[in-house]
Structure formats: C-alpha cells, structure tokens
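Q: Hi! Could you walk me through this one while I have it open?

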Amino acid sequence: MFLTLALLRKGIPGKQWIGKYRRPRPITWQMKRNTLKHLEREAENEYWISRPYMTVDQEFKHAAERRAQNWLQIKESKFCNFPEHKYMADHLSHLKTTKNWSN
C-alpha cells in the first residue's frame with residue numbers, strides 16, 4: 001500500500017516525519033555504528049552478569065552486619081536531633097509569678 005501511494009501520489013500527506021504514512025528515514029553509517037556499539041556493550045554486560053562474583057552460600061547474609069551498623073547510625077542521627085523532654089511544670093512556670101491568694 002505504501003509503495004502504491006508513493007508511486008501514484010505526489011508526496012506524503014501531512015507531516016512527512018510523523019504519523020502512520022510517514023517518510024522512511026534513511027539509515028546512515030553512523031546509525032549502524034551506534035547500533036553495533038550498543039549491541040556489543042549489551043553482550044559484554046550479559047557476559048559479566050552471567051558470572052557471579054560470589055557463590056550463593058557466600059552471598060547469603062553477607063551484608064547483614066554492615067546493614068545493621070548503617071541502621072544504628074541512622075537511628076542515632078535521628079535521636080540526636082530529637083528535642084529533650086519537657087514537663088508541664090516547665091510550660092506553666094510563668095504563671096507562678098505571685099501567689100497572692102494562697103498565702
């Protein structure tokens with residue numbers, strides 16, 4: 001259908017680079033080179049991902065101590081910013097300036 005439209009019509013209707021009947025983009029040598037580089041990089045990543053550094057037994061709970069230390073540091077940093085306890089006597093102490101009617 002696209003060939004028929006291209007042969008019988010003068011041009012591409014509407015915007016030529018978008019839409020259902022768009023003009024096909026020419027593939028350049030840079031596009032081919034970039035695609036090859038991308039595929040090679042992907043193949044290398046797959047290669048390294050498929051070979052784990054640690055065995056399953058070594059990996060089991062290998063970072064538990066470090067994560068516990070990090071959690072304690074986070075907890076301590078939160079507690080050091082926590083304000084001190086205040087009592088109601090501290091809040092209401094300004095009301096006890098004079099005790100005229102209790103004497």
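A: Happy to; here is a short chat about the fold, the surface and a few local features.

Q: Great. What kind of model is this?
A: This is a predicted model.

Q: Okay. How many helices and strands does the protein have?
A: There are five helices and zero strands. Read from the N terminus, the elements go α-α-α-α-α.

Q: And what share of the residues counts as buried?
A: Just 1% of the 103 residues of the protein. Buried here means under 20% relative accessible area.

Q: How much area does the protein expose, then?
A: About 11200 Å², with carbon and sulfur atoms supplying 59% of that.

Q: Which residues make the nonpolar surface patch?
A: Leu3, Leu7 and Leu8 make it, and the patch covers about 390 Å². Leu7 belongs to helix α1, which spans residues 2-8.

Q: Why does leucine 7 count as exposed?
A: Its relative accessibility is 65%, and the cut-off for exposed is over 50%.

Q: Changing topic: how many aromatic pairs does the structure hold?
A: One. The partners are tyrosine 47 and tryptophan 48.

Q: What is the geometry of that pair?
A: The rings of tyrosine 47 and tryptophan 48 are edge-to-face, at 4.9 Å centre to centre with 80° between the planes. An angle over 60 degrees is what earns the edge-to-face label.

Q: And how accessible are tyrosine 47 and tryptophan 48?
A: Tyrosine 47 is partly exposed, at 40% relative accessibility. Tryptophan 48 counts as exposed, with a relative accessible area of 56%.

Q: On to the helix α3 region. Which polar side chain has an atom 3.1 Å from the backbone nitrogen of threonine 55?
A: That would be glutamine 58, through a polar atom of its side chain. Glutamine 58 sits in helix α3 and is partly exposed, with 48% relative accessibility.

Q: Now the backbone: which residue other than glycine has a positive phi?
A: Lysine 61 is one, with phi near 55°.

Q: Where is lysine 61 found?
A: In the loop that links α3 (56-59) and α4 (64-80).

Q: Is lysine 61 buried or exposed?
A: Exposed: the relative accessible area of lysine 61 is 63%.

Q: Nice. Can you give me a quick recap to keep?
A: Sure! The predicted model has five helices and zero strands, and 1% of its residues count as buried. Worth a look on screen are the leucine patch of Leu3, Leu7 and Leu8, the edge-to-face pair of tyrosine 47 and tryptophan 48, and lysine 61 with its positive phi.

Methods. Residues are numbered from 1 along each chain as its sequence is written. This is a predicted model: local features need pLDDT of at least 70, side-chain atom pairs count only at pLDDT 80 or more; totals for chains, interfaces and linings use all residues. Side-chain values use heavy atoms; hydrogens and water are left out. Patches are made of residues with over 30% relative accessible area and no salt bridge: like charges are joined within 9 Å, nonpolar side chains (Val, Leu, Ile, Met, Phe, Trp, Tyr) within 5 Å. Accessible areas come from the Shrake-Rupley method with a 1.4 Å probe; for residues, only the protein chains shown count as cover. A salt bridge is a side-chain nitrogen of Lys or Arg within 4 Å of a carboxyl oxygen of Asp or Glu. Helices (H or I, at least four residues) and strands (E, at least two) are DSSP runs, numbered from the N terminus. Buried means under 20% relative accessible area, exposed over 50%, partly exposed in between (1.4 Å probe, protein chains only). Rings of Phe, Tyr and Trp (its six-membered ring) pair if their centres lie within 6.5 Å; planes under 30 degrees apart count as stacked, over 60 as edge-to-face and the rest as tilted. A polar contact is a pair of N or O atoms within 3.5 Å; within protein, one must be able to donate a hydrogen and the other to accept it, and residues adjacent in sequence count only if both atoms are side-chain atoms.
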